[in-house]
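The sequence and the model can be read together. The text below goes through cavities, aromatic pairs and two single residues.

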Amino acid sequence: MGVDLSANQDGISEHEVFQLECDRAHHCWRLRTGHNKYWTVQGTTNGLQANGDYGMEGSTFALAYPANGSVALRSLKNGKFVVVRPTGHLFAQADSVNTGEHFQLLMSNRPVLGLRCAYGFVGLKSTGGGGANKLECNKSAFESVKLENGPDGAVFLQASNGLYLDAGDDHCLNADSKDPKPFYIQFRDSGRITLKTPNGYYAVAEQTGLLKASATEQNATEWDY
């Protein structure tokens, strides 16, 4: 007996919380329910149900990021994007990404975010020499950044100094804003993300330790988190 997936609820309960799992070997993603079942594209209807077992045909997806805060799911079974029908039911039937194929992922189990790149951890600059609110990416320990879910798929990032992260006119990332600024997390691999910043660019690590909001999606740093 199937359990149809639909997008027609006003609130979030345990039935609206899923674990996004990366299958690194096959370059795909799975969504697991609280009952250890997986989203699965069904038979000839291509409707989505939450009744699959791990490795079952139709249970793998690719992620795409069509707009700020949005994610689209493409079934690897038939190559179609998941779309919400007027009834709220989900089907993997769309050839392209339009309004009905946009979803938002809200992080429910990670109140603190720590980031690491090839040069070290992200943290506030040492107070000596000024610029104490600047972020650097060559630290030996990570900065505990509080993560808050914002509207339209955005997240707000608050540093240990109580101020929010923002991109300066010089494209450097700073923890110096009293007001929350929208960042967008994009999942790339198991334990890795890219970070789209308020100025529309992506965060990139430089070997000098600078952390800048100046990259395109193609050359953005993939952060361990």
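What follows describes a predicted model, beginning with its internal spaces.

The structure contains two cavities of 30 Å³ or more. The largest cavity has a volume of about 140 Å³. Its lining is made up of 15 residues, and those nearest the centre are Tyr65, Gly69, Leu105, Gly153 and Ile185. Strand β17, residues 184-189, supplies four residues, the largest share of this lining. By class, the lining of the largest cavity has 10 nonpolar residues, five polar ones and no charged ones.

The second largest cavity holds about 90 Å³ of space. Around this second cavity are 14 lining residues, with Leu115, Val122, Leu135, Leu165 and Leu211 lying nearest its centre. Here the lining divides into 12 nonpolar residues, one polar and one charged. A charged residue is thus present in the lining of the second largest cavity, whereas the lining of the largest cavity has none.

The next topic is the aromatic rings. The count of aromatic pairs comes to five. One of them joins Phe18 and Trp39, with 5.2 Å from centre to centre and 85° between the planes, an edge-to-face arrangement. This pair links distant parts of the chain, 21 residues apart: Phe18 is in the segment before β1 (19-23), and Trp39 is in strand β3, residues 38-41. The two partners fall into separate exposure classes. Phe18 counts as partly exposed because its relative accessibility is 29%, a value between the limits of 20% and 50%. Trp39 has a relative accessible area of 6% and is therefore buried.

Trp29 and Phe187 form another pair, with ring centres 6.4 Å apart. Their planes stand at 70°, so this pair too is edge-to-face. In sequence the partners are 158 residues apart, and the pair links distant parts of the chain, with Trp29 in strand β2 (residues 28-32) and Phe187 in strand β17. Strand β17 is also the element that gives four residues to the lining of the largest cavity. Both rings belong to buried residues: Trp29 has a relative accessible area of 8%, and Phe187 has 13%. Ring pairs also bring in Tyr225, which forms a cluster with Trp29 and Phe187.

Two single residues complete the tour. Ser177 is placed in strand β16, which covers residues 173-177. Is Ser177 buried or exposed? Its relative accessible area is 9%, so Ser177 is buried. A polar atom of the Ser177 side chain lies 2.6 Å from the backbone oxygen of Asp179. Leaving aside residues up to four places away in sequence, Ser177 touches Leu163, Tyr164 and Asp166.

Thr87 sits in the loop between β7 (81-84) and β8 (90-94). Thr87 counts as exposed because its relative accessibility is 54%, and the limit for that class is over 50%. The side chain of Thr87 makes a polar contact of 2.9 Å with the side chain of His89. Thr87 can also be placed relative to Ser6: the two residues are 81 residues apart along the chain, and their C-alpha atoms are separated by 8.0 Å. Of the two single residues, then, Ser177 is buried, whereas Thr87 is exposed.

Conventions
Residues numbered from 1 in each chain as written. Predicted model: local features only at pLDDT ≥ 70, side-chain atom pairs only at ≥ 80, totals over all residues. Heavy atoms only, no water. Helix = DSSP H or I, 4+ residues; strand = E, 2+ residues; numbered from the N terminus. Buried < 20%, exposed > 50% of the residue type's maximum accessible area, 1.4 Å probe, protein only. Polar contact = N/O pair within 3.5 Å; in protein donor to acceptor, adjacent residues only side chain to side chain. Contact = heavy atoms within 4.5 Å. 1 Å grid on protein atoms, 1.4 Å probe; cavity = no way out; pocket = protein on both sides within 12 Å on 5 of 7 lines; lining within 4 Å. Points joined across faces, edges and corners; volume = space filled by probe spheres on them. Nonpolar A, V, L, I, M, F, W, Y, C, P; charged D, E, K, R; others polar. Phe/Tyr/Trp six-rings, centres within 6.5 Å; stacked < 30°, edge-to-face > 60°.
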